[in-house]
Amino acid sequence: MWLSKPVYEALPYYYGVLGVVALAARLYVDYWYWPLICTIVGVGSLAAGVFVWMKRRDHRSRSR
């Protein structure tokens, strides 16, 4: 899958913001299983953001 350069460059930040927002929403939502869902989405998004950022950094350092 090909992404345009601005979207590709912003992807780790998008994941990070999504993770922080989901973890913050966990504090305010208290209905059904939403706190658990927000925790899973938040931690998963933060992990995905770190993973994409590290893979991109490693690839750029090897290509130099």
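The radius of gyration is taken here over C-alpha atoms, and the globule rule is 2.2 Å times the number of residues to the power 0.38. By that rule a compact globule of 64 residues would have a radius of gyration near 11 Å. The protein chain has 15 Å instead. The model is a predicted one.

The spans of the C-alpha trace were also computed. Along its principal axes, the trace of the protein chain covers about 50 × 20 × 20 Å. Burial was then assessed. Of the 64 residues in the protein chain, 17% count as buried. The exposed surface of the protein chain amounts to about 5,400 Å². Carbon and sulfur atoms supply 70% of that surface.

The secondary structure consists of two helices and zero strands. Helix H1 takes in residues 5–28, and helix H2 takes in residues 34–63. Their axes come within 7 Å and cross at roughly 160°. An angle over 145 degrees counts as roughly antiparallel, so H1 is roughly antiparallel to H2. The crossing of H1 past H2 is left-handed. Contacts across the chain were counted for pairs with a separation of 6 or more. In the protein chain, residues 24 or more positions apart account for 56% of these contacts.

Individual positions fill in this picture. Tyr8 belongs to helix H1. Its relative accessibility is 34%. Tyr8 counts as partly exposed because this value falls between the 20% limit for buried and the 50% limit for exposed. Neighbours within four places in sequence aside, Tyr8 is in contact with Leu3, Arg56 and Arg60. Tyr8 and Arg26 are 18 residues apart along the chain. Their C-alpha atoms are separated by 28 Å.

Arg56, one of the contacts of Tyr8, lies in helix H2. Arg56 has a relative accessible area of 7%. Buried means under 20%, so Arg56 is buried. With neighbours within four places in sequence left aside, the contacts of Arg56 are Tyr8, Glu9 and Pro12. Arg56 and Glu9 are 47 residues apart in sequence. In space they are 9.4 Å apart, C-alpha to C-alpha.

Cys38 is another position in helix H2. Cys38 counts as buried, at 11% relative accessibility. Beyond its neighbours within four places in sequence, Cys38 is in contact with Ala22, Leu23, Ala25 and Arg26. Cys38 and Ala10 are 28 residues apart along the chain. The separation of their C-alpha atoms is 22 Å.

Val20 is found in helix H1. The relative accessibility of Val20 is 51%. Exposed means over 50%, so Val20 counts as exposed. Val20 and Tyr33 are 13 residues apart along the chain. Their C-alpha atoms are separated by 18 Å.

The loop between H1 and H2 holds Trp32. Trp32 has a positive phi of about 55° although it is not a glycine. Its relative accessibility is 62%. Trp32 therefore counts as exposed.

In outline, the predicted model pairs two helices in a roughly antiparallel arrangement. Arg56 and Cys38 of helix H2 are buried. Val20 of helix H1 and Trp32 of the loop between H1 and H2 are exposed.

Conventions
Residues numbered from 1 in each chain as written. Predicted model: local features only at pLDDT ≥ 70, side-chain atom pairs only at ≥ 80, totals over all residues. Heavy atoms only, no water. Helix = DSSP H or I, 4+ residues; strand = E, 2+ residues; numbered from the N terminus. Buried < 20%, exposed > 50% of the residue type's maximum accessible area, 1.4 Å probe, protein only. Contact = heavy atoms within 4.5 Å. Areas by Shrake-Rupley, 256 points an atom, 1.4 Å probe, with all protein chains shown as cover. Axes fitted to C-alpha atoms, helices over the stretch in contact; angles between N-to-C directions. Parallel < 35°, antiparallel > 145°, perpendicular 65-115°, else oblique. Left-handed = near helix turned anticlockwise from the far one by under 90°.
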